[in-house]
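Reader: Before we discuss any details, could you set the model out so that I can follow along?

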Amino acid sequence: MTYVENSEKIIFDYSSQLYQKSIPNVYDNVSYYAGSIIKEIVDIYSLVLKSDNIQNPKDHSIFLTSAFQRLDNLMSQQMDDRYIEEVLYNTELELAFDIITRYRSQYYAMIENEQAHSILESPDPWDVFENVSFFSNYLQLAQVEYEGAGLKPGDRVVFLGSGPLPLTLIVLCHQYGLNGMQLEVISDIMIG
């Protein structure tokens with residue numbers, strides 16, 4: 001029996017029947033630290049699966065929010081490459097990764113859509129935008145794109161496939177004095 005302490009300081013046994021049943025053999029031949037990472041991934045996977053059985057959209061969203069906050073916390077941790085490889089090359093986790101990825105993509109698309117509507121409907125869109133949950137991500141992305149492309153104030157940029165609202169483009173133009181245009185493909189029709 002191996003006990004590991006997770007980020008919330010709760011002791012668990014990652015060789016217990018519960019975890020062996022949910023994803024058989026997932027803990028075979030893994031190190032202590034990789035086992036703790038796998039345990040967190042299995043917990044996230046379980047939350048995502050539980051969310052699918054919830055009828056109330058608000059409760060469904062709470063499960064997914066919790067799952068993806070935990071995933072974000074896990075992804076932001078400093079980890080040794082050998083443990084990452086142990087986790088990523090664990091074939092028993094392939095289904096969990098596929099499901100987590102699919103739900104995460106759908107969840108963030110739904111959140112982005114809701115936030116886009118809030119921004120557009122507000123009398124002060126920038127104030128609402130600064131308070132959306134991923135505002136700092138947009139700032140970082142805009143900075144990377146601005147610096148990576150060697151842009152300077154007054155440059156013109158075109159964004160292709162910018163989603164329900166071109167938030168990164170808006171940040172680029174607002175923060176760096178760029179002129180921008182977005183193009184989005186909807187049902188094989190290009191609009192801009």
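**Reading the model step by step**

Reader: In which strand is L160 found?

Author: L160 is found in strand 3, which covers residues 156-160. Please keep in mind throughout that this is a predicted model.

Reader: How should I read the surroundings of L160, and is this residue buried or exposed?

Author: The general idea is to compare relative accessibility with a cut-off, exposed being over 50%. L160 counts as exposed because its relative accessibility is 63%. Together with V158 and M181, L160 forms a nonpolar patch on the surface, and the accessible area of these residues together is about 310 Å².

Reader: How much of the protein chain is buried, and what makes up its accessible surface?

Author: Of the 192 residues in the protein chain, 36% are buried, while the accessible surface comes to about 12,000 Å², with 53% of this belonging to carbon and sulfur atoms.

Reader: Which pattern do the helices and strands follow along the sequence?

Author: The protein chain has eight helices and five strands, and their pattern, read along the sequence, is β-β-α-α-α-α-α-α-α-β-α-β-β. Among contacts between residues at least 6 apart in sequence, 51% join residues at least 24 apart.

Reader: Where does pLDDT stay under 50?

Author: The general idea is that, where pLDDT is low, predicted coordinates should not be read in detail. In this model pLDDT stays under 50 over residues 1-21, for which there are nevertheless 44 contacts beyond four places in sequence. Among the elements, strand 2 (residues 11-13) has the lowest mean pLDDT, 36, whereas helix 8 (residues 167-176) has the highest, 91. For the protein chain the mean pLDDT is 78, and 78% of the residues reach 70 or more.

Reader: Which residues of helix 8 are buried, then, and what follows this helix?

Author: In helix 8 the buried residues include L167, T168, L169, V171 and L172. After the helix comes G177, whose phi is positive, near 65°.

Reader: Why is Q115 described as buried, and which residues does Q115 touch?

Author: The cut-off for buried is under 20% relative accessible area. Q115 has a relative accessible area of 12%, and is therefore buried. This residue is found in helix 5 (residues 94-121) and, not counting residues up to four places away in sequence, touches V132, S133 and F134.

Reader: How many aromatic pairs are there, and why is the pair of F68 and Y108 called tilted?

Author: The general idea is to look at the angle between the ring planes, since under 30 degrees counts as stacked, over 60 as edge-to-face and the rest as tilted. By this rule there are nine aromatic pairs. The ring planes of F68 and Y108 stand at 40°, with the centres 6.0 Å apart, so this pair is tilted. The pair links distant parts of the chain, as F68 lies in helix 3 (residues 57-75) and Y108 in helix 5, 40 residues apart. Both F68 and Y108 are buried.

Reader: Why does the pair of W126 and F129 count as edge-to-face?

Author: The ring planes of W126 and F129 stand at 80°, their centres being 5.3 Å apart, and the pair is therefore edge-to-face. Both residues lie in helix 6 (residues 125-130), three residues apart, which is about one turn of the helix. The general point is that an α-helix has 3.6 residues a turn, so residues three or four places apart point the same way. W126 and F129 are both buried, and ring pairs link them with F135 and Y138 into a cluster.

How values were computed
Residues are numbered from 1 along each chain as its sequence is written. This is a predicted model: local features need pLDDT of at least 70, side-chain atom pairs count only at pLDDT 80 or more; totals for chains, interfaces and linings use all residues. Side-chain values use heavy atoms; hydrogens and water are left out. Patches are made of residues with over 30% relative accessible area and no salt bridge: like charges are joined within 9 Å, nonpolar side chains (Val, Leu, Ile, Met, Phe, Trp, Tyr) within 5 Å. Accessible areas come from the Shrake-Rupley method with a 1.4 Å probe; for residues, only the protein chains shown count as cover. A salt bridge is a side-chain nitrogen of Lys or Arg within 4 Å of a carboxyl oxygen of Asp or Glu. Helices (H or I, at least four residues) and strands (E, at least two) are DSSP runs, numbered from the N terminus. Buried means under 20% relative accessible area, exposed over 50%, partly exposed in between (1.4 Å probe, protein chains only). Contact means heavy atoms within 4.5 Å. pLDDT is the predictor's confidence in each residue, from 0 to 100. Rings of Phe, Tyr and Trp (its six-membered ring) pair if their centres lie within 6.5 Å; planes under 30 degrees apart count as stacked, over 60 as edge-to-face and the rest as tilted.
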